[in-house]
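Student: I should like a close look at a single part of this structure, with its packing set out residue by residue.

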Amino acid sequence: MDNNDILIRLRYALDIKNNDMVEIFKLGGIQLTKEDVQKVLTKSPERDEDADDSIFTESANEDHIPIDNAMLESFLNGFIIHKRGRQEGQTGTPPLTNEPSKNLLLKKVKIALQLTSEDMIEILKLAGVTVSKSELSGILRKQGHKNYSLCGDRYARNFLKGLAIKYRK
């Protein structure tokens with residue numbers, strides 16, 4: 001699951017409109033137009049395992065803007081500001097970390113939607129995944145902590161699926 005896929009699924013799960021996406025990116029410190037957002041929200045071109053280059057032509061790649069970890073983190077920071085407002089006394093955008101994107105997704109969506117650990121466990125349960133509080137705690141820890149654990153595709157994908165079930169009734 002790449003960063004573009006994360007954004008596509010998050011947008012669907014929370015029913016975020018294109019205009020809101022532009023605003024959220026702007027709050028995170030990235031200027032994108034509505035057309036750029038649509039290019040971000042396209043699936044990335046698949047690569048042929050046997051060939052050195054993409055199975056798509058160069059012109060097909062023009063319709064896709066790949067999202068790196070810094071851009072995803074900026075979006076998630078903007079999402080927090082969009083949902084909760086700016087912190088008092090803080091003017092710029094928060095500094096970027098070097099954390100894996102799936103761990104950031106869970107942490108920042110938890111903050112933006114004001115979810116508790118129990119809420120997150122319930123959201124994962126809606127998607128059919130049972131996770132213990134200590135497993136979730138390891139994913140939400142700061143990178144470098146002795147109990148830190150990497151969030152795999154399974155948890156990220158099912159968390160987004162659970163969000164869709166909960167918020168798109």
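Which residues of the largest nonpolar core touch the most other members?

Tutor: The model is a predicted one, and the description below should be read accordingly. The largest nonpolar core comprises 44 residues, of which Leu7, Leu10, Phe25, Leu105, Leu106, Phe159 and Leu163 touch the most other members. The elements that each supply two or more residues to this core are helices H1 (3-14), H2 (18-27), H3 (34-40), H5 (69-84), H6 (101-112), H7 (117-126), H8 (133-140) and H9 (153-167). In soluble globular proteins, nonpolar side chains tend to be buried together.

Leu10 serves as an example of the contacts involved. Leaving aside residues up to four places away in sequence, Leu10 touches Ile16, Phe75, Leu76, Leu105, Val109, Leu160 and Leu163. Among these partners, Leu105 and Leu163 are also listed with the residues that touch the most other core members.

The packing of H6 against H9 comes next. The axes of H6 and H9 come within 9 Å and cross at roughly 35°, and the crossing is left-handed. From H6, Lys102, Leu105, Leu106 and Val109 meet Asp153, Ala156, Phe159, Leu160 and Leu163 of H9. By class, the residues of this contact are seven nonpolar, no polar and two charged.

H9 also packs against H7, with an angle of about 90° between them and their axes 7 Å apart. An angle of 65 to 115 degrees counts as roughly perpendicular, and H7 and H9 are therefore roughly perpendicular to each other. On the H7 side, Met120, Ile123, Leu124 and Leu126 take part, and they meet Tyr155, Asn158, Phe159, Gly162, Leu163, Ile165 and Lys166 in H9. The residues of this contact divide into eight nonpolar, two polar and one charged. Phe159 and Leu163 in H9 thus appear in the contact with H7 and in the contact with H6.

H7 has a further partner in H8: the two pack at an angle of about 110°, with their axes 10 Å apart. That angle makes H7 roughly perpendicular to H8. Here Ser117, Glu118, Met120 and Ile121 of H7 meet Lys133, Leu136 and Leu140 of H8. The contact has four nonpolar, one polar and two charged residues. Met120 in H7 accordingly meets residues of H8 as well as residues of H9.

Terms used. Residues numbered from 1 in each chain as written. Predicted model: local features only at pLDDT ≥ 70, side-chain atom pairs only at ≥ 80, totals over all residues. Heavy atoms only, no water. Core = buried A, V, L, I, M, F, W, Y, C linked by side-chain atoms within 4.5 Å. Buried < 20%, exposed > 50% of the residue type's maximum accessible area, 1.4 Å probe, protein only. Helix = DSSP H or I, 4+ residues; strand = E, 2+ residues; numbered from the N terminus. Contact = heavy atoms within 4.5 Å. Axes fitted to C-alpha atoms, helices over the stretch in contact; angles between N-to-C directions. Parallel < 35°, antiparallel > 145°, perpendicular 65-115°, else oblique. Nonpolar A, V, L, I, M, F, W, Y, C, P; charged D, E, K, R; others polar. Left-handed = near helix turned anticlockwise from the far one by under 90°.
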